[in-house]
There are 2 protein chains.
Amino acid sequence: MKQARISEAVIRRLPVYLRFLTELMKAGVQTVSSQELGERLSLNPAQIRKDLAYFGEFGRKGIGYNVPYLVEKIRQILHLDRTVYAALVGTGNLGRALCNYRVYLEENVKIVALFDADPAIVGTTINHLKVQPMEELDGTVRELNIAIGMIAVPAGEAQLVADRFVAAGVRGILNFAPTVLKTPPGVRVHYADFTAELYSLAYYMEEDVLEKGVER
Amino acid sequence: MKQARISEAVIRRLPVYLRFLTELMKAGVQTVSSQELGERLSLNPAQIRKDLAYFGEFGRKGIGYNVPYLVEKIRQILHLDRTVYAALVGTGNLGRALCNYRVYLEENVKIVALFDADPAIVGTTINHLKVQPMEELDGTVRELNIAIGMIAVPAGEAQLVADRFVAAGVRGILNFAPTVLKTPPGVRVHYADFTAELYSLAYYMEEDVLEKGVER
């Protein structure tokens with residue numbers, strides 16, 4: 001059954017809901033209200049109800065949402081029942097930090113290969129993954145059926161790495177370099193840009209001041 | 001003059017538009033169409049026109065948007081004419097990577113203080129900023145009028161750091177730790193969660209396959 005296209009904003013919030021709901025589930029909590037969710041996630045409860053209503057009527061008034069059911073449903077919506085393989089280029093500070101996040105990743109997106117252009121780093125091991133030279137990128141991406149390329153290199157090198165990934169056949173790129181990439185149609189680029197988060201935070205703080213007169 | 005509340009999704013896209021438009025401006029490009037913007041940013045041109053229409057009619061049919069005017073307008077909307085100070089706790093791989101991003105930050109959000117709990121790191125210098133001990137957090141946040149606390153520590157320590165920031169008087173927190181934080185009303189928390197980006201990318205790649213039959 002095909003669902004209506006879900007807005008990008010909702011899709012970005014779902015993993016945040018999922019993380020918190022999974023924490024609740026592990027703690028044995030069976031139900032949660034949109035009010036509680038909103039308080040913990042700094043989101044408007046009405047927004048949360050609207051987001052979750054996209055997927056059918058989950059909540060029951062006065063009782064709240066069934067946590068394990070909601071977890072399962074969000075996993076389904078995000079296609080977390082399938083596994084997608086990812087490769088990471090760039091093992092500087094950022095790349096290493098991303099490798100450390102691997103333990104937090106759900107089963108469905110797996111970082112299975114690391115690449116770096118620096119001969120001094122190639123051959124070393126980061127979190128049980130061996131860093132490969134760039135020459136092996138094409139072969140490894142094809143061999144391991146890698147669909148997502150993650151780019152954590154300086155801005156000036158990001159386009160070259162993207163071109164390599166595209167040539168090797170990835171269908172999606174997650175770009176951490178603060179630059180805009182050019183890719184052919186059919187290859188989706190998402191930008192993991194912390195400066196954008198910082199600006200949007202600063203924006204809303206300013207708006208809070210203007211609207212609610214929050215004390216500075 | 002007060003504007004209508006702008007949706008969070010739009011606010012998150014504005015810095016991406018701004019980065020690309022600034023690149024264009026530096027290259028001397030005077031006008032750009034929503035089609036070109038869409039191609040470069042992997043966004044729907046109709047979406048871009050809708051986003052920019054929030055702020056008045058910028059574009060002219062057949063001519064496109066005036067780049068320098070759009071840059072100035074987006075900067076105004078994002079309040080980039082004011083300066084907000086930020087402090088960062090946690091100078092591991094992620095924290096160091098964030099420090100390196102400082103050069104890309106616009107003037108308006110400035111990381112002006114670094115903190116770490118590790119005595120071996122305290123006193124060292126990262127990108128011209130000295131790492132301070134956690135005991136100095138409260139005093140420095142007040143003294144430098146720091147409004148944003150950035151958290152780049154392991155998930156298990158993030159709430160403690162958030163509590164310290166809140167006690168010191170920050171109004172916003174940008175959390176990089178993969179955990180949900182609890183803060184009092186009036187303190188806004190944004191989550192910079194790369195796993196959420198990765199999931200949303202995987203989601204849309206799957207949707208592309210289902211909808212357009214993109215070859216796997």
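Copies are superposed by least squares on the C-alpha atoms of residues with pLDDT of at least 70 in both.

**View 1. The two-fold relation between chain B and chain A in this predicted model.** A turn of 180 degrees, with a shift of 0.0 Å along the axis, lays chain B on chain A with an RMSD of 0.0 Å. This is the relation of a two-fold axis. In chain B, the C-alpha nearest the axis belongs to B:Asn93, at 2.3 Å from it.

**View 2. The contact between chain B and chain A.** Chain B contributes 78 residues and chain A contributes 78 residues. The copies meet through the same surface, because 100% of the interface residues of chain B are also interface residues in chain A.

**View 3. Area buried between chain B and chain A.** The two chains bury about 7,800 Å² between them, and 64% of it lies on carbon and sulfur atoms. On the side of chain B, the residues that lose the most area to chain A are B:Phe194, B:Tyr199 and B:Tyr204, together 10% of what that side buries.

**View 4. Polar links between chain B and chain A.** Four residue pairs are in polar contact, both at pLDDT 80 or more. The count of salt bridges between the chains is zero.

**View 5. Elements of chain B that touch chain A.** Among those supplying at least two residues each are helix H1 (8-26), helix H5 (93-101), strand E7 (148-151) and helix H8 (194-212). H8(B) gives the most, with 18 residues. The side of chain B that touches chain A divides into 44 nonpolar, 13 polar and 21 charged residues.

Note on methods
Residues numbered from 1 in each chain as written. Chains lettered and ligands numbered in written order. Predicted model: local features only at pLDDT ≥ 70, side-chain atom pairs only at ≥ 80, totals over all residues. Heavy atoms only, no water. Contact = heavy atoms within 4.5 Å. Buried area = accessible area lost by both parts, 1.4 Å probe. Salt bridge = Lys/Arg side-chain N within 4 Å of Asp/Glu carboxyl O. Polar contact = N/O pair within 3.5 Å; in protein donor to acceptor, adjacent residues only side chain to side chain. Helix = DSSP H or I, 4+ residues; strand = E, 2+ residues; numbered from the N terminus. Nonpolar A, V, L, I, M, F, W, Y, C, P; charged D, E, K, R; others polar.
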